[in-house]
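Got your viewer open and your mouse ready? Let's take a walk through this protein chain, one selection at a time.

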Amino acid sequence: MNVADPAALVARYARNLPRYTSYPTAAQFTDAVGPDDARDWLRAVPAGDALSLYLHVPFCDTLCRFCGCNTAVLRSADARAAYAALLIEELRRVTEQLGTGHPVSHLQWGGGTPTTLPVGTLRQVMQTIRNSFTLLPDAEISIEIDPRHLPAQYPAVLHELGFNRASLGVQDIDPTVQEACGRIQSLEQTRTCIDALRGAGIRAINIDLIYGLPRQSVRGVRDTATAIAALSPDRLAVFGYAHVPWKQKRQNLMPTGELPDAIARFEQRAAINDALCAAGYLPVGLDHYSHHADPMGIAARNGTLHRNFQGYTTDPATTLIGVGASAISSFPQGMTQNAVSAAAYARLMGETPDRLPVVRGVRRTDDDRVRAELIERLMCDMEIDLGAFIARHGLRAGYFSDDMRKLSGLETDGFVIISGQRLHVTEAGRAFLRHVAAAFDHHLEMDMPQRHASGI
């Protein structure tokens, strides 16, 4: 195949696939897993094991039409404070099972827009975390920010509370694309926000970009990537827009007839990649870019990069505890998810004084755990020695033979190189990492394709 021929690539690889931020993926979650499982798995976390914390705030000041996240507009400061009180109560219930004092290596606030919480309530939740856990001296403490709606006092407060990384949504700087998406955000607003954060002492900045939005063009996304790179963020995440109007009806408010097709998406991704690499950024895994001196860039080079529900991370913790509406927790035994809507979350929290608000999840089998590690290493390292992997796990010879045969097309197209038991994803194959991982996914054939995003 001519790799430079986007039409041929689309014809061969345009299918919906998981993002593989976990295995099994969230598509396998059912109500067969519930609060009792979450309680047992919390109790089983060994004392002294470092873990990750994720807190979800499902509120924004305005809704972006493209957004697939669990969020809504909530203007009442009292209602936001009431939600923060529920976060504090869930933290209490978690530590009741887990025990206090566990070290935390990563703490992330996501949403929604966490800075919609009143400053005083954010302080209370952070104090609860510090009273319940031991934040390690080198812990990454990050928060998602909307540059259009950051209160002036917030950067200094975030630094005071120990935050050392901020993630900003930008998506695209073209006004016509912004109008289509319902997110008007000037480049100057983004620059001013970054300057305020850095001025307050929060030096590490992440920026999110998206391709595949209505009215985007190859030239436009290249211009966006070049302009954002000039602001020198430490990391960038570049996502393909996931059009899931059956899940998020707000996406129908965009001019969906102006969505780029799969060929245009492929070309846009390539243009952003070229622009960021030209600006000196290191490609990391499927969709991240990093300064060479950033911890993520270092982890990518030395083979210690990881991947979880928040995407690529330097965090090695095997337990991630999600707190808040829709938050997902991950344990060696399986994964759980809280009630998705804020109302359902509040209702479950109010039923009994000790119930965890978990509504679904999945148990991991021994095979799931092995494949989870294999898929993570492929997504992070783009290569694996299957012979060594099989020996390390005590698996029978040929355990992955059927899976390897599924890679023949990718090998023919030059996206993977197979040499004996060694599997290497080429640079041209980076965009098809999800296709490589899918070869080892034993649940995928049972999934409904619409549960996943486009693989290109």
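## Start inside: a cavity

The second largest cavity has a volume of about 80 Å³. A cavity here is a set of points, on a 1 Å grid over the protein atoms alone, where a 1.4 Å probe fits but cannot get out. Grid points are joined across faces, edges and corners, and a volume is the space filled by probe spheres set on the points. To find the spot, select A38, L42, V94, S329 and V358, the residues nearest its centre among the 13 that line the second largest cavity; lining residues have an atom within 4 Å of a point. Two or more lining residues come from each of α2 (35–43), α3, β14 (320–323), β15 and β16 (334–338). Helices (H or I, at least four residues) and strands (E, at least two) are DSSP runs, numbered from the N terminus.

A word on what you are looking at: this is a predicted model, where local features need pLDDT of at least 70, side-chain atom pairs count only at pLDDT 80 or more, and totals for chains, interfaces and linings use all residues. Residues are numbered from 1 along each chain as its sequence is written, and side-chain values use heavy atoms, with hydrogens and water left out.

## Next: strand β15

Select I328, which sits in strand β15. Is I328 buried or exposed? I328 is buried, because its relative accessible area is 14% and buried means under 20%, exposed over 50% and partly exposed in between (1.4 Å probe, protein chains only). Now show its contacts (heavy atoms within 4.5 Å): leaving out residues up to four places away in sequence, I328 touches F29, F309, L320, G322, T336 and Q337. Add P35 too: I328 and P35 are 293 residues apart in sequence, yet their C-alpha atoms are 12 Å apart in space.

Then click S326, in the loop between β14 and β15. Its phi is near 70°, a positive value in a residue other than glycine. Most residues other than glycine have a negative phi, and most peptide bonds are trans. S326 is also buried, at 12% relative accessible area.

## An open pocket

Select R307, T318, S330, R364 and E376. Of the 27 residues lining the second largest pocket, these lie nearest its centre. A pocket is an open set of points with protein on both sides within 12 Å along at least five of seven lines. This one holds about 610 Å³ of space. Which helix gives the largest share of the lining? Helix α12 does, with 6 residues.

## Over to helix α4

Colour residues 119–132. Helix α4 has 14 residues, so at 1.5 Å a residue it should span 20 Å, and its end C-alpha atoms are indeed 20 Å apart; the expected span is 1.5 Å times one less than the number of residues. Its buried residues, including V119, L122 and V125, pack against β2 (51–57), α3 (77–98), β5 (102–111), β6 (133–145) and α5 (154–160).

## Two odd peptide bonds

Zoom to Y23 and P24, joined by a cis peptide bond with omega about -10°. Then try G111 and G112, where the bond is cis as well, with omega about 15°. G112 lies in the loop between β5 and α4.

## Zoom out

Finish with the whole chain: 16 helices and 21 strands, with 55% of its 456 residues buried.
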